[in-house]
Amino acid sequence: MDVEEKINKTVEEGGILALLYFDVHAKDKEKLVNLAKGFVKEIIHKPGVVMALGEIEEPLPPEEEGKNWSTYVTVKVLTRDFKSLFALCMAHSPFNVEILKPQHLKLDLPQLHDILATASAITAEYKKYIVTKLASPQELAQIEQSLKRRAEMGKKVGEDETDK
């Protein structure tokens, strides 16, 4: 199966073909290129990525002494579904995204629930990271108690749903 056939078959089965744009910065040109190559390689191995191809633009030297070299990377990515593309964007924050195929998306409620749960989980991890870096020990203890109450409420909601 050639690449175009694989793209079309994956899109027919709910896949998404998109272009993702990322900016990359480093102290010197060689590190910048290696960082960009490693970044593209990492994307290729993300869950739900069927295939990806990265193109690194020619790095630009710093405008001022002591500043970083910079470039941007364009990654053409084929994902198994919209959730995989969404998770990739949440994890790596591209500065722009263009969906190439399909022209229209149709998502059912279970898919939407899954996407929203993914967004919630990722943002919770970001919040946890930020809070643990900035909070005092007392604030961390209060947050821990709040999380325990939240988990108990979630467990109760889950039990109530199974009773229906």
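**Close-up views of a predicted model**

**View 1. The end of helix α3 and its buried face.** Just after α3, Ser 93 adopts a positive phi of about 50°. The model shown here and in the following views is predicted. Within α3 itself, the buried residues include Ser 84, Leu 85, Leu 88 and His 92. These residues lie on the same side of α3, because they cover an arc of only 100° around the axis. Packing by the buried residues of α3 involves β1, α2, β2, β3 and β4. The helix lies across the four strands β1, β2, β3 and β4, and runs at about 10° to β1.

**View 2. The open sheet beneath α3 in the order β2-β3-β1-β4.** Four strands form this open sheet, and their pairing is antiparallel. The strands β2 and β4 stand at the edges; each has a single partner strand, so one side of each is left without a neighbour in the sheet. On average, and with direction ignored, neighbouring strands of the sheet are turned by 25° against each other. Strands of a sheet pair through backbone hydrogen bonds, in either a parallel or an antiparallel manner.

**View 3. The pairing of β1 with β4.** The strands β1 and β4 run antiparallel and are joined by five bridges. Within this pairing, Ala 18 has Ile 99 of β4 as its bridge partner. Ala 18 is also in contact with Val 75, a residue that appears again in the next view.

**View 4. The largest nonpolar core and the surroundings of Val 75.** This core holds 19 residues, of which Ile 43, Val 75 and Val 77 touch the most other members. Two or more residues each are given to the core by β1 (16-26), α2 (29-44), β2 (49-56), β3 (69-79) and α3 (82-92). The largest share, six residues, comes from β1. When neighbours within four places in sequence are left aside, the contacts of Val 75 comprise Ala 18, Leu 19, Leu 20, Phe 22, Val 40, Ile 43, Ala 52, Leu 53 and Gly 54. Ile 43, itself named with Val 75 and Val 77 for touching the most other core members, is thus among the residues that Val 75 contacts.

**View 5. The salt bridge between Lys 101 and Glu 4.** A search of the whole structure finds six salt bridges, and three of these are shown in this view and the next two. The side chains of Lys 101 and Glu 4 meet at 3.2 Å, N to O. Lys 101 lies in strand β4 (residues 96-101) and Glu 4 in helix α1 (residues 3-12), so this pair ties together parts that are 97 residues apart in sequence. Lys 101 is partly exposed, with a relative accessible area of 26%. Glu 4 likewise counts as partly exposed, at 41% relative accessibility.

**View 6. The salt bridge between Glu 13 and Lys 9.** The side chains of Glu 13 and Lys 9 form a salt bridge at 2.6 Å, N to O. Glu 13 counts as exposed because its relative accessibility is 58%, where the cut-off for exposed is over 50%. Lys 9, at 39% relative accessibility, counts as partly exposed.

**View 7. The salt bridge between Glu 58 and Lys 29.** In this pair, the side chains meet at 3.0 Å, N to O. The salt bridge links distant parts of the chain, with Glu 58 in the loop between β2 and β3 and Lys 29 in helix α2, 29 residues apart. Glu 58 is exposed, with a relative accessible area of 56%, whereas Lys 29 is partly exposed, with a relative accessible area of 36%.

**View 8. Two residues of helix α4, Thr 118 and Lys 128.** Thr 118 lies in helix α4, and the same helix, which spans residues 109-134, holds Lys 128. Thr 118 counts as buried because its relative accessibility is 13%, which is under the cut-off of 20%. When residues up to four places away in sequence are not counted, Thr 118 touches Lys 83, Phe 86 and Ala 87. Lys 128, by contrast, counts as exposed, at 51% relative accessibility. From C-alpha to C-alpha, Lys 128 and Ile 143 are 9.5 Å apart in space, and 15 residues separate the two in sequence.

Note on methods
Residues numbered from 1 in each chain as written. Predicted model: local features only at pLDDT ≥ 70, side-chain atom pairs only at ≥ 80, totals over all residues. Heavy atoms only, no water. Buried < 20%, exposed > 50% of the residue type's maximum accessible area, 1.4 Å probe, protein only. Core = buried A, V, L, I, M, F, W, Y, C linked by side-chain atoms within 4.5 Å. Contact = heavy atoms within 4.5 Å. Salt bridge = Lys/Arg side-chain N within 4 Å of Asp/Glu carboxyl O. Arc of directions from axis to C-beta. Pairing = 2+ DSSP bridges. Axes fitted to C-alpha atoms, helices over the stretch in contact; angles between N-to-C directions.
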